[in-house]
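User: Please take a close look at the aromatic rings, and explain in one connected account how they are placed and what lies around them.

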Amino acid sequence: MAEVVVKDLVKRFGTETLAVDNVSFTVGEGEFVTLLGPSGCGKTTTLRCIAGLETPDEGDILIADEIFTSSRNGVCLPPEKRRLGMVFQSYAIWPHMSVSENVAYGIQAQGASRAEVNEKVANALELVGLSGLGERNATKLSGGQQQRVSLARALAYNPRVLLFDEPLSNLDAKLRERMRVELANLIKELKLTAIYVTHDQAEAMVMSDRIIVMKDGRIQQEGDPHATYNEPSNSFVADFIGVTNILEGKAGERENGKGLWVEVPSLQSKILCAKGIDRDIAVGSDLLVTVRPEYIELGEEGSNDNNVLRGQVSDAVYLGQSWDCLIQSGSFELRVHVRGDADIRAGQPVTMNISPSRCVVLSD
Amino acid sequence: MKKTLICSVGMAVLLAAVFTLGGPARAAEAPILKELKGAEKARVAKLIEGARKEGNFSWATNLAPVKAAKAMEKAFKELYGLPNVKFRFANRRSGTLIKRFEQEIKANKLSVDVVVLAAASWLHSMKRRGHLMKYVSPEDKHYDLAEKANMNGDGYWVSDGQINTMAVNRDLAGKVKLTSWYDLLRPEFKGKVLVGDARPSETYTLWYKGLRERLPKSYFQKLSASGAGVMARGAAQRRSLMAGEYWLGTTIMARHNWIAKKAGVNMDPIYPKEGVVALPIGSVIMAKAKNPNMAKLFVDYWRSVRGHHMLLNYNPLNSGRPLPPHKDEKINKLILAKDGIAPPIDKINVIPTDWSKVTPADVKKWKAEFIEVFGSGTKK
Amino acid sequence: MSSASKSELEAGGGGAKPAVAASSLAGRFFNSENSLKIGSLGLLTILAILPVSVFIYSAFVTHPEAGKSIFTFTNFTKTFSTSEVLDASVNTLIIALGTSVFSCLVGVSLAWFHARTDMPFRRTLEALTLIPFFLSSFLGAVAWWALAAPRTGILNRWMIDLFGLSAPPFNIYSMTGIVMVMALFYTPYMYLFTIGSLNRMDPALEESARVCGTGVLRTALRVTIPLSTPAMLSGAVIIFVVSMGVFGVPSLLGPIARISTLSTIIYTKMEEYPLDIGGAAALGSVLMVFTALGLYIQRKIIAPRSYVTVTGKGYRPSRVSLGPWKYVALAINCSYVLLAVILPLGALLLASFNRAWLGGFRWSQLSIYNWAYVLFEYEYAVRATKNSLILGLVGGFITVVLCTFLAMVILRGRNKKLSGAVDYLSTLPIGVPGLIMGMAFLITWIKTPLYALPMLLLMMAYMTRYLPYGLRTISSVLQSLSSELEESARICGSSFVSTIRKITVPLLRPGIFAAYLMLFIMFIRELPVSVLLATEDSAPMAVALYILQENEALGVVAAFALVQTALLLLGTIVFRKLGSLEELSV
């Protein structure tokens with residue numbers, strides 16, 4: 001059952017800027033969905049519309065089948081009536097209150113008794129690992145601790161859905177990585193429905209059940225992390241998530257059950273692509289193919305169906321666990337990731353093979 | 001417990017005593033009525049009755065200081081048996097008062113009953129516009145001096161004189177003999193003469209206009225060229241003369257000489273032979289006065305010998321009526337004598353002016369000439 | 001149930017379901033944002049635009065006979081054809097220019113000494129340097145009159161006695177005197193305008209100049225001062241604009257030297273009979289053109305050029321070591337404090353204890369009469385003290401509430417166009433000199449029932465005139481508060497109003513207190529708005545001081561001026577204690 005339904009959402013700023021352009025998606029109960037995209041893609045605006053902090057110009061938002069926003073009916077529930085929880089990038093910890101007072105605020109707003117408030121505050125602080133810090137001045141805590149307070153505050157009153165607006169981007173890299181896992185585990189443990197906004201694809205990969213990639217106010221792709229990474233639907237998604245090679249080519253014949261042949265002039269070669277070909281592709285039409293660097297293997301062994309390319313290493317950077325190489329093939333420089341134990345030198349001639357299942361034809 | 005009971009009983013007895021004693025005192029005849037007979041007694045008794053009901057009174061003047069006003073209030077209340085009337089009083093420069101009343105007239109909210117003011121053209125315009133109440137007090141018949149000098153207002157007011165004239169700080173200028181306005185042009189007084197600034201003030205404009213009847217424009221041009229200071233406010237001029245900033249004033253009211261003398265500075269008025277300007281100080285009742293009975297009684301008192309004598313204890317005034325000697329010999333000698341600070345106007349050479357013919361346009365014209373003569377630019 | 005409301009949504013309405021009805025009711029807040037903004041626009045229109053429009057209109061109208069009015073330029077041609085007005089225009093410009101140049105020189109130097117150098121006794125001197133900020137220039141004029149009147153001023157007497165001079169060295173009744181008093185009392189404004197940017201300036205900017213081999217003074221002149229030039233210029237222009245409209249100082253010190261300014265002539269025109277409203281309005285309109293031009297230059301040309309020298313990090317700026325020159329700096333600062341604080345207050349204190357002032361303190365004149373008179377005896381003065389307290393505390397409070405409200409409307413809304421309009425309207429009154437604001441309120445409201453509530457009318461005029469100042473203080477604090485702080489409260493289930501009460505207002509507290517303090521000070525010493533608008537019963541302290549100065553001995557004036565000073569300083573201390581304020585802002 002869908003917990004959150006967003007339907008045909010449109011939000012304009014001013015008359016020209018279209019921040020959110022006809023966005024629709026659903027979030028199931030207990031699901032962790034991430035809105036991923038570069039800044040200005042409309043992900044935060046979408047989230048703020050769900051929270052009730054922005055009024056969309058068109059579209060509907062329903063949570064647990066209750067209408068939150070409906071442009072047709074002129075309904076727009078104010079944020080305080082939505083019973084959501086939200087964690088902000090800036091933490092938004094109230095500096096004039098102690099940790100407990102911060103956490104208690106939302107519970108008190110629901111009119112809970114004092115005992116109930118105390119109990120829920122204690123629970124929430126325990127959940128985020130801040131037991132015993134309740135009387136501290138919230139602004140005296142470290143960044144990570146402040147973010148925990150912010151989380152505890154959002155959790156404390158059992159919101160229907162938790163919203164996250166880039167909550168980890170103000171933390172330093174190490175802490176950020178630890179918090180990702182911790183946060184994701186906590187959400188799963190509590191079986192909470194969560195919508196998470198970030199521009200950090202690694203964060204999205206680690207935490208989400210499903211990723212919605214956005215650009216210029218539109219949804220580009222929707223799917224679980226694995227599918228999003230391995231079968232990007234267009235060049236934007238392919239490029240935005242991870243590192244990739246994008247090749248321009250012309251569609252050739254289909255080979256039954258194996259894939260589609262694509263003529264790639266820059267490689268002076270034809271490659272067989274097995275993904276992204278479920279649509280009608282006219283022979284001779286221009287198209288784009290993406291291949292991730294780590295799926296290009298060196299050597300001629302491998303399945304017979306693999307595409308084989310020859311080239312010369314033009315540059316290789318050693319990163320420890322891997323080599324990050326540029327390999328000249330035809331007029332194209334392919335980015336290739338090779339295992340760290342290989343022996344690579346610039347100028348060395350190499351043979352590469354790529355499984356057709358790793359070659360994805362993009363929709364643009 | 002017992003104590004509080006005794007206390008409250010005591011209080012009750014006290015209160016009862018106050019009421020029983022106060023009652024007859026209130027009902028007793030006001031002292032003024034004992035002096036009066038017949039129709040006049042009945043008239044005043046009726047006014048007192050009305051005044052008692054009104055219970056309030058508001059007046060304003062550019063003439064009397066707060067102290068004098070308080071003393072007159074006290075004496076008036078006793079004389080007329082009106083101890084509970086609440087007085088409001090404002091002493092302001094004439095310009096400030098005119099600004100206030102014109103504002104109040106515009107807002108249709110005139111808040112004053114009686115005005116005693118030296119502002120001839122304004123008084124006449126108030127009369128023309130119907131803002132004044134016609135009231136002939138029994139004291140008015142004594143004001144024939146003012147009547148002769150064209151200072152009275154045709155049943156709307158009678159006038160005392162405000163004489164702005166020459167004054168000298170004797171402590172600085174010594175016993176030098178001053179008899180003419182032309183004495184001010186003597187070289188030893190260069191830069192030591194102070195003139196009232198006509199720009200913000202009708203009083204000084206009319207002083208200028210009055211003197212111009214006897215003195216040519218060139219006289220004032222010479223005075224200006226000799227470095228005479230120009231200052232707006234009477235009090236500021238007094239302070240300046242007392243402190244020795246300037247030695248000679250030309251627009252000094254009697255009051256300021258008096259204040260200076262009391263503070264130990266020997267400041268004397270001079271009445272030059274060419275004459276002086278006596279501005280009418282009219283005592284008028286507003287047509288829309290909220291407390292007309294009080295207003296009439298107070299005007300009676302103000303215009304009476306009694307009122308004048310009381311005022312003279314605090315503030316000299318060139319009376320528009322002849323005055324019998326004051327009981328304080330010092331006041332007779334210092335103020336009322338022919339060479340005193342403020343003799344009644346019949347003892348002085350007053351330049352006659354028909355004040356009813358002075359229009360705002362005249363005031364503008366003379367003001368412009370004053371500015372032309374004394375300049376408005378930056379003094380180097 | 002849930003499917004029912006969903007299907008209703010798809011049907012686009014129908015039978016009113018409770019859930020939908022409730023939510024659309026609550027949803028109205030979002031539309032009410034616009035209505036709040038339009039309401040604010042309406043309020044500002046009534047407060048500011050209406051009176052100023054009536055004022056300007058009356059400059060173009062004459063009334064040849066009662067009830068008839070003609071559109072005309074005669075008010076302008078008549079008024080500006082007199083040499084008096086032309087002289088006054090020149091005087092006004094000289095005074096404004098002199099004031100801003102001198103207060104800029106002194107204020108910036110002092111700010112630099114305090115913020116960037118190792119001048120000794122900085123903390124003590126900072127407090128003393130700022131005292132004139134809390135007093136009024138009018139008070140300064142009264143005090144300097146006692147100090148430097150040509151033949152009688154204490155200083156002149158003293159100099160003549162001490163050095164056997166033949167002529168008094170100082171003359172306060174002069175252009176120099178007027179400019180000096182004004183500059184002394186506007187210096188703290190300049191100081192406050194610049195100290196912030198000097199304090200926050202990244203010391204690396206100066207250090208790199210020093211490393212390049214430039215000396216202390218060169219660094220200050222070539223790097224430090226140019227970097228704060230936009231702040232300084234803004235301050236100087238604002239002081240220029242404000243001092244063009246100043247009324248108190250020239251009205252007290254000008255007449256003897258035959259110096260009139262546009263503001264003193266406007267006042268005179270409103271005091272003579274018949275009132276020359278048209279002429280006064282014509283003068284005022286021209287004055288407003290000048291001030292508006294100044295503000296335009298400040299906002300459009302100077303303000304956008306400020307350099308970004310402020311780094312977010314909490315710098316403890318390193319100080320420039322002045323060597324022996326620090327004693328020169330100390331001497332300059334001490335002279336300022338002497339001229340602006342110690343001498344004036346000392347003179348007032350001496351004069352207040354003399355029954356009559358004879359050009360110097362006399363033991364024979366020793367008396368506490370003046371104090372008793374203004375504190376208890378003279379009803380007008382006592383009432384004025386009460387009025388000012390009411391205006392300062394109540395009026396200040398209402399204005400602070402309005403400023404807080406407007407700051408939120410401007411900074412927190414989503415409709416940026418309306419916000420901009422509200423912002424624009426609420427800064428407009430800066431360009432309207434106080435005297436003109438007072439006159440505009442007077443001629444707009446005199447024939448309405450509002451005139452029967454003079455205190456309310458005064459409060460409204462004060463509120464309008466000083467709104468931009470309070471707004472600025474609160475806005476700067478609100479700007480530094482992330483709106484997420486409020487949004488998170490809304491999401492936690494707290495309503496718009498309770499969010500303001502529990503989150504916004506507590507967080508804004510320092511700003512609100514600072515604004516309240518500033519408005520309290522401005523209201524207690526306010527003269528130009530009140531001098532035309534106040535009625536007999538509603539006259540505040542500054543007007544009473546003005547009236548006293550016309551009628552009473554200097555001792556009385558001095559005592560009353562000191563009562564006002566005491567109130568201002570006491571108010572400052574109490575407010576700062578309550579609001580735990582550390583810094584001042586203008």
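Analyst: Arg355(C) lies over the face of Tyr369(C), 3.8 Å from the ring centre, where "over" requires NZ of Lys or CZ of Arg within 6 Å of the ring centre and within 35 degrees of the ring normal. The model is predicted, with local features needing pLDDT of at least 70 and side-chain atom pairs pLDDT 80 or more, while totals for chains, interfaces and linings use all residues. Residues count from 1 along each chain as written, chains are lettered from A and ligands numbered from 1 in the order written, and side-chain values use heavy atoms without hydrogens and water.

A second arginine, Arg92(B), is placed over the face of Tyr380(C), and here the distance to the ring centre is 3.7 Å, so that an arginine of chain B is set over a ring of chain C.

Turning from charges to rings alone, a search of the whole structure gives 48 aromatic pairs over all chains, a pair being rings of Phe, Tyr and Trp (its six-membered ring) with centres within 6.5 Å, stacked if the planes are under 30 degrees apart, edge-to-face if over 60 and tilted otherwise. One of these pairs joins Phe298(B) to Tyr301(B), with 6.4 Å between the ring centres and 50 degrees between the planes, which makes the pair tilted. Both residues belong to helix H13 (residues 292-303) of chain B and are three residues apart, so about one helical turn separates Phe298(B) from Tyr301(B); helices here are DSSP runs (H or I, at least four residues) and strands are E runs of at least two, numbered from the N terminus. Phe298(B) is buried, since its relative accessibility is 0%, and Tyr301(B) is buried as well, at 2% (buried is under 20%, exposed over 50%, partly exposed in between, with a 1.4 Å probe and protein chains only).

Chain C offers another tilted pair, in which the rings of Trp112(C) and Phe113(C) have centres 6.1 Å apart and planes at 50 degrees. The relative accessible area of Trp112(C) is 8%, so this residue is buried, and Phe113(C), with a value of 7%, is likewise buried.

Returning to chain B, the two rings of helix H13 described above, Phe298(B) and Tyr301(B), are also members of one aromatic cluster, which further includes Phe57(B), Trp59(B), Phe76(B), Tyr80(B), Phe87(B), Phe89(B) and Trp302(B).
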